[in-house]
Protein chains: 2
Amino acid sequence: MSTIADVAREAGVSKATASRALTGSTQVSADARRRVHEAARRLGYTPSTSAVSLATGRTRNVGVVMPHVNRWFFAEVLEGIQQALLERGLDLTLYDADPGSETRRRVFDEFLTRKRFDGLIAVGLEPAESELETLLSLSRPVVSIIGTERTTSVVTLDDAHAAALATAHLVSLGHRRIAFLGGTAATLWPHVESARYEGYEREMRESGLSDHISRTPAELTMSAGYAAAVDLLSDPSQRPTGLVAACDEVAIGAIIAARRLGILVPSDLSVIGIDDHENAEMFALTTLRQIPREQGATAVELLMRHIEDPTAEPTSVIIRPRLVVRNSTSTPTGSSSAAVRDAAWS
Amino acid sequence: MSTIADVAREAGVSKATASRALTGSTQVSADARRRVHEAARRLGYTPSTSAVSLATGRTRNVGVVMPHVNRWFFAEVLEGIQQALLERGLDLTLYDADPGSETRRRVFDEFLTRKRFDGLIAVGLEPAESELETLLSLSRPVVSIIGTERTTSVVTLDDAHAAALATAHLVSLGHRRIAFLGGTAATLWPHVESARYEGYEREMRESGLSDHISRTPAELTMSAGYAAAVDLLSDPSQRPTGLVAACDEVAIGAIIAARRLGILVPSDLSVIGIDDHENAEMFALTTLRQIPREQGATAVELLMRHIEDPTAEPTSVIIRPRLVVRNSTSTPTGSSSAAVRDAAWS
């Protein structure tokens, strides 16, 4: 059985350096770290991480709680968190916490209270009061992604601002009949949906378009966006010339629905989303870009600061999205060209 | 500071039962487990998991290694694994291992060798020889999902059979010009892509259609499927009447391409996929269904068996997909109706 001393000798470093390299400390050069790990592998040496944890009081592990991993935003955030933790030599323990589920209750009552982590990143959790109490009682730093909760540090898109910018883009192109598509009462994303709708509503009011404010509910998926858009667009007399979709997946569903109804995008209907989803480019979708992967990396940075300095003040990192103009938005030529067509047929 | 004895008294159970409940043992009734956890929470008691690990030699943690989490298949598998582990009171540590990346090297050389888990689930890893050596040297049970690697237990779709069934469905409808869409030389999924293509090729040969075997490469995404289908379908003289797509995302891209080219699905072109992706229904896609979430749960079951009985033999669980017929496939009416159209125009 090799010891840490054997590994240090084999790698040509001090025992302290070997120990730091093997416990994932960042205070070791990349070269030394690699030599120590290669030596450890050659000698078949593995530190007992349980013993390391007892000795240091650190788990070298970060917990991530999110309601789903199989949605674009969450999966991208998780990738960003994972990469940032790997760079720091930290493990990632994943806790799935689907709202209202029995497993969510168990995650909060049993799993989290084991405190097998130095800190937690809570993604889109929107915790109930009792859950928030549990989180705070862990005496481990918590960083949230998404949400209104302000007792912890937060990384979040400015959702209201994103929707206001999307609406303003359509207004500046000359649209007046601009509808909002997406969001429901019972939803996975109460904060995101309400903030985005509020941003749209505010911008419409400020542009003197209060009479045109309207919302068609839809879950935030492509197929729900498709179905809702079919309903909204099938009556030509009521049809808007511009659509602000609650997210890109809903926007893409609406574009597919428009094509099937023979409505030309963008000349008859402009569609704008929020996210810059991986499929946005394929549908030439104009959108407000957020980069969830970077939000994950930023959350890790914030968390590290809190772990290293438990007295650090909670911080909010508010992300301003950038407008990406593609080919799904244009001036509302629909009405005039319809007049031309009518004339040709008369 | 409360002790385990306080918790046991408060919950009205023996110390042994309280201890089992708190370390996540399954040998405790759900009711007792809940009472113990409620008592522990009321008393503010949390066992030191590092101490528990040292005492039991178990980490109560399972490692999951996968190249990506932001793709449908991987995200669904991860959900299935997570749920199954939560039910058993086990933690999940996620290791991201993008092929060829520096982080993958670090995951194999540093993270996995820490052995902070009782067992590993390797999803779509297709490990290099040196990586496989590392996995086997960990002396922890490993279960693979996807792949040809047979030194560990495996849960996998019968990919060749799935593609053969897809091809046979089009053949039985009367198609002869059936092309395969998807797969490339440099790919994320060498096993999946080659096995599915082989299944198509074999079925074509056995149906006497060797002359019509053709493959158009595309990465396994919707946008790549779209671009490849535009190339394949834009020359009417060469156009197939049936398409076997390497996966549903490619198939959906092809359906969108066909619509944009004015090719009617299914009357001019039948399209069949493999997966039953969450968007398959929206596009009325006929497909071969696999349920990755269940594959994740099955992998957990297999892993538990290996953890409890280290001498258990490796097992392969081969999943046979089920044909789901929707509206993207039909008899090849295209050629005859084209003839009718030509006649009308002459």
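What follows is a walk through a two-chain model, from its symmetry down to single side chains.

A word on ground rules: this is a predicted model, local features need pLDDT of at least 70, side-chain atom pairs count only at pLDDT 80 or more, and totals for chains, interfaces and linings use all residues. Residues are numbered from 1 along each chain as its sequence is written, chains are lettered from A and ligands numbered from 1 in the order in which they are written, and side-chain values use heavy atoms, with hydrogens and water left out.

Let's begin with how the chains relate. Turn chain B by 180°, shift it 0.0 Å along the axis, and it lies on chain A with an RMSD of 0.1 Å (a least-squares fit on the C-alpha atoms of residues with pLDDT of at least 70 in both copies). That is the relation of a two-fold axis. Both copies use the same surface, as 98% of the contact residues of chain B recur in chain A; contact here means heavy atoms within 4.5 Å. Looking for the axis from chain B? Its residue closest to the axis is B:Thr93, with the C-alpha at 2.1 Å.

B:Thr93 belongs to one face of strand 2 of chain B, together with B:Asp91 and B:Tyr95, while B:Leu92, B:Leu94 and B:Asp96 make up the other, and all of these are buried. In other words, six of the six residues in this strand (91-96) are buried. For the terms: buried is under 20% relative accessible area, exposed is over 50%, and partly exposed is in between, using a 1.4 Å probe and protein chains only. Helices (H or I, at least four residues) and strands (E, at least two) are DSSP runs, numbered from the N terminus.

Strand 2 of chain B has a parallel partner in strand 1 (residues 61-66) of chain B, and six bridges join them; two strands pair if DSSP finds at least two bridges between them. One of the residues to look for is B:Val65, whose bridge partner in strand 2 is B:Tyr95. Between these strands, the chain passes through helix 5 (residues 72-87) of chain B, giving a right-handed β-α-β crossover. Right-handed means that, with the strands pointing away from the viewer, the path from the first strand over the helix to the second runs clockwise.

Helix 5 of chain B is also where B:Phe74 sits. Beyond its neighbours within four places in sequence, B:Phe74 is in contact with B:Met66, B:Pro67, B:His68, B:Val69, B:Val123, B:Gly124 and B:Trp189. B:Phe74 counts as buried because its relative accessibility is 1%, and B:Phe73 does so at 7%.

Now for the rings. Over all chains there are 12 aromatic pairs, meaning Phe, Tyr or Trp (six-membered) rings with centres within 6.5 Å; planes under 30 degrees apart are stacked, over 60 edge-to-face, and the rest tilted. B:Phe73 and B:Phe74 pair edge-to-face, 5.8 Å centre to centre with 80° between the planes. In chain A, A:Tyr95, A:Phe111 and A:Phe117 are linked by ring pairs into a cluster.

A:Phe111 also has the charged end of A:Arg114 over its ring, 4.7 Å from the centre. Over in chain B, B:Arg215 lies over the face of B:Tyr197, 4.4 Å from the ring centre. A charge sits over a ring if NZ of Lys or CZ of Arg is within 6 Å of the ring centre and within 35 degrees of the ring normal.
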